[in-house]
Amino acid sequence: MRPCGAVLNWFGSKAPALLLGSLVVGALLPSAAAMSEAALPIAAFLMMFGSLVAAGLAPYERPNGLLRLGLLILVVAIGPCLAAALAVKGFSLADDLALGVVLSVAGPPMASAAALAVILGLPPRLTLALPVVPTLLCPLTTPVLVRVFTGESVDAIALAVKLVAVVGSGSLAAVAVLAVLQRSGGNRANLSMAASGVSMIGLIGVGIAAASRARVEVEADLAGFGVLMVGALLLCVFLGAVAALVFAAFGSAVAGTLSLVWGLRNQSIVWAALSPTLPLEAERFLVAMVLPIAILPTLVRAYQAATRRRAVALQSVRSQPSHNQ
């Protein structure tokens, strides 16, 4: 078990670089698109399972209060969809593309959000608590949100079946593993990072699937899909920035968590459940939206490292004795 734990810890600690690597692998293997897309439910299960275990092993965090927590859950469920709908209206997007934009954020936050929170230094239990209700209610809320903001309809039954299978199996497995780990003891920090590694393996699978499909789309329509990829990245950044600014008064931990779960949504479940029934342009945008998920953690890590280096440099300058001329 120890070698396995060491490997999973490595996956967790090297997640940002590995996510970028998954895009490279997928881009080099366009023939793997069909096979990797068929494995999306397995990847989603690993993301859910690892995220739940990582959060369950994380240090206890002081509750935010039921009323405030309920408010945050509500804005996590509805806020990104409202912001995306405003962007759709502002840019007057075509109906099929507008459906893809809204659908890409109408689902719950990404299943591995809590695992990424561990890696990025955000509160993992809060990061897990916020998506739980939106995830469980996704079969009901996603079709409603899409209908309200686009006038289109989606297959609610297909989405519900896929979500129940992934969330239910992932939750049961996580509960069983946490019960065993609680009795066996061990270093909770290492175990939490190992669980994050499991979640990252699932996210890497999604990254390979998206990059393989993206390579196919780029070869068929470089300009058109390039625009979709740029738009997807800008949408993720826009949603994260809006959340960080709106909730800055709640403190950096809450604002950072809201930025994470607003900007990185779970397109893989929606994509896996609805791809046979979606218009082509809507599905292409879902694929494009997966790509920033593999890129942004690296950018966040780089920003954090640059901020720390700047703080150390400023502290060093301030601590130097002044010399009178």
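How many nonpolar, polar and charged residues are in the lining of the second largest cavity? By class, this lining has six nonpolar, three polar and one charged residues, where Ala, Val, Leu, Ile, Met, Phe, Trp, Tyr, Cys and Pro count as nonpolar, Asp, Glu, Lys and Arg as charged, and the others, Gly among them, as polar.

The structure is a predicted model, in which local features need pLDDT of at least 70 and side-chain atom pairs count only at pLDDT 80 or more, while totals for chains, interfaces and linings use all residues. Residues are numbered from 1 along each chain as its sequence is written, and side-chain values use heavy atoms, with hydrogens and water left out. The average pLDDT (the predictor's confidence in each residue, from 0 to 100) is 83 for the protein, and 94% of the residues score at least 70. Among the elements (DSSP runs numbered from the N terminus, with helices being H or I of at least four residues and strands E of at least two), the mean is highest, at 92, in helix α12 (residues 222–246) and lowest, at 72, in helix α7 (residues 113–120). Where pLDDT is low, the predicted coordinates should not be read in detail.

We can turn next to the cavities. On a 1 Å grid over the protein atoms alone, a cavity is a set of points where a 1.4 Å probe fits but cannot get out, a pocket is an open set with protein on both sides within 12 Å along at least five of seven lines, and lining residues have an atom within 4 Å of a point. Grid points are joined across faces, edges and corners, and a volume is the space filled by probe spheres set on the points. The whole structure holds two cavities of 30 Å³ or more. The second largest has a volume of about 40 Å³, and its lining includes Ala77, Pro134, Cys138, Thr142 and Arg265. Helix α9 (residues 138–150) supplies the largest share of that lining, four residues. The largest cavity encloses about 50 Å³; Arg265 is among its lining residues, as are Met47, Met110 and Asn266. Two or more residues each come from α11 (188–220), α14 (267–274) and α15 (280–319). This lining divides into six nonpolar, three polar and one charged residues.

Helix α9 also packs against helix α10 (residues 156–184): their axes, which are lines fitted to C-alpha atoms over the stretch in contact, come within 9 Å and cross at roughly 145°, with angles running from 0 to 180 degrees between N-to-C directions. In this contact (heavy atoms within 4.5 Å), Cys138, Pro139, Thr142 and Pro143 of α9 meet Ala156, Leu159, Ala160 and Leu163 of α10. Seven of these residues are nonpolar, one is polar and none is charged.

The largest pocket offers about 640 Å³ of space. Of its 22 lining residues, Gly240, Gly256, Ser259, Leu260 and Val300 are the closest to its centre. Helix α13 (252–263) gives two or more residues to the lining, as do α12 and α15, and α13 gives the most, with seven. The lining has 15 nonpolar, seven polar and no charged residues.

Helix α13 has a packing partner in helix α5 (residues 66–91), at an angle of about 35° and with the axes 10 Å apart. Here Leu72, Val75, Val76, Gly79 and Pro80 of α5 meet Val254, Leu258, Val261 and Trp262 of α13, a contact of eight nonpolar, one polar and no charged residues.
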